[in-house]
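Reader: I would like to learn how to read a model of this kind, going from one residue outwards to the fold around it. Could we take the features in turn, with the general idea before the case?

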Amino acid sequence: MPAVVVLGAQWGDEGKGKATDQLSQHVDFSVKYNGGNNAGHTVVVNGEKFALHLIPTGILSPRVNPVIGNGTVIDLKVLFSEIEELEMRGVSCHRLLVSSRAHLVTPYSLCVDEGSEILRGDKAIGTTKRGIGPTYAEKMYRTGLQVQDLFDPEALGEKVTEIARLKNPIIKDVYRLDPPDPVQVTEELLQFSERLRPHVVNTSLILNNALDEGRVVLFEGGQATMLDIDHGTYPYVTSSNCTAGGACTGSGVGPTRIDRVVGVMKAYTTRVGEGPFPTELTGEVGEKLRQLGGEFGATTGRARRTGWFDTVVGRYAVRVNGLTDLVMTKLDILSYFDRIPVCVGYETPSGRTDQMPDYSQDFAAARPIYEEIEGWKGANIEGVRDWHKLPAAAQRYVEYLEEQVGCRISVIGTGASRENAIVRHKLV
């Protein structure tokens, strides 16, 4: 089974970092195929916590070659800050490979991101203001900078000057911010060129050659299905394709080479930023979930919105990604509840449905229809690694969700560390 995609099946923060870290013990390449430093994977190894943003989780496994694919956008300051921090903690980054076709986040992207959010006022999307969206926009406008541009200083200067010509009037006159100086921006980018050069390769060729040799490649998605630019809750989405198809376009590996697609879901639901969230809990129970689950962003520290498990979202994620397996995380957090509501459908202005509404206004107005499942309050399942040692009520909860979303739950997380998991079906 040489190629496996792991992605978020809700709104992100599902625990993809732990899932990919667990799988990285059995793979040869770990590929980040979308997004930038607007998301983070938190991994606990031997009691030590690592928060990764641009670098794939595979960096924590000595046998894995971590790859930043062409579908990503890279802030070089953040990348090298992350490299320096990892190496200070004893994690070597010499194996890191970076696509020459990945795009670069510039100070212009950061200014546009900040200014546009300010201009939107109470209609702000809730971006991380890290320049991700504007960088993808520049990519589509065909005015963006790629990694390979760092190695032609003259051409780089010309391209930065052209970006400044297009962006500075908007930054200055519309957003009322001080525009960056193109000469200074060029110099700052060139400072990273020789440090980055040893890592830059044709990652598409390397990955396809690896697959030809029967080596195992893991594609790890940033953000999640409901934040996908095409299939998420637009406009409250990220700017890249987080779904399984993005693994192909973001890495240069064809779809016929993908063998398994694994979705990661929490045993409940969380969301960061603005946008509709049908099962959101705004009162005491929601805060209890937040505190018990440590629901604060790895990258931004923002408190996550919390809610009960939503099987409508689950069914949708299974469909648009073609999921073959699910990893369920944080089942242990639900050990503090007598009864556990599960959303099985919505009441919308267009009627009752158990599928994702086609119209965004229906989803925004959706009211959850719940069924209550018996809980296992008082039974501490943290660290349990054997399915048969779970309380019967916890087993029924897992099996109920499997039936509702139409996909087997192959791995169950029962704690933060790498070892705290129940493997019902092997993924690699």
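Author: Let us begin with burial, where buried means under 20% relative accessible area, exposed over 50%, and partly exposed in between, with a 1.4 Å probe and protein chains only. Arginine 304 has a relative accessibility of 8%, and therefore counts as buried. This is a predicted model, in which local features need pLDDT of at least 70 and side-chain atom pairs count only at pLDDT 80 or more, while totals for chains, interfaces and linings use all residues. Residues are numbered from 1 along each chain as its sequence is written, and side-chain values use heavy atoms, with hydrogens and water left out.

Reader: What does the side chain of arginine 304 make a polar contact with?

Author: A polar contact is a pair of N or O atoms within 3.5 Å; within protein, one must be able to donate a hydrogen and the other to accept it, and residues adjacent in sequence count only if both atoms are side-chain atoms. Here the partner is the side chain of glutamate 295, at 2.7 Å, and the arginine 304 side chain also reaches the backbone oxygen of phenylalanine 296 at 3.1 Å.

Reader: Where is arginine 304 found, and which residues does UniProt place in the feature "binding site"?

Author: Helices (H or I, at least four residues) and strands (E, at least two) are DSSP runs, numbered from the N terminus. Arginine 304 is in the loop between α10 and β13, as is alanine 303, with α10 spanning 284-293 and β13 spanning 305-307. The unreviewed UniProt entry places the "binding site" at Ala298, Thr299, Thr300, Gly301, Arg302, Ala303 and Arg304; UniProt positions are given in the numbering used here, feature names are shortened, and annotations may be inferred rather than shown by experiment. Alanine 303 is partly exposed, at 43% relative accessible area, and, leaving aside neighbours within four places in sequence, is in contact (heavy atoms within 4.5 Å) with Arg290, Glu295 and Phe296.

Reader: How should I read the sheet, and which strands stand at the edges?

Author: Strands of a sheet pair through backbone hydrogen bonds, either parallel or antiparallel. In this analysis two strands pair if DSSP finds at least two bridges between them. The open sheet here has 10 strands with mixed pairing, in the order β9-β7-β5-β2-β10-β1-β11-β15-β19-β20. At the edges stand β9 (200-201) and β20 (421-423), each with a single partner strand, so one side of each is left without a neighbour in the sheet.

Reader: What is the pairing sense on either side of β19, parallel or antiparallel?

Author: With β15, strand β19 runs parallel over 3 bridges, valine 327 having valine 411 in β19 as its bridge partner. With β20, the pairing is antiparallel over 3 bridges, and valine 411 has valine 423 as its bridge partner there. As for burial, 5 of the 5 residues of β19 are buried, so the strand is largely enclosed by the rest of the structure.

Reader: Why is helix α11 described as largely enclosed?

Author: The reason is that 9 of the 11 residues of α11 (residues 311-321) are buried, among them Val312, Tyr316 and Asn321. The buried residues of α11 pack against β1, α9 (244-249), β11, β14 (309-310), β16 (339-348) and α13. At the start of α11, a side-chain oxygen of aspartate 310 reaches to within 2.9 Å of the backbone nitrogen of valine 312, and just after the helix glycine 322 takes a positive phi of about 65°.
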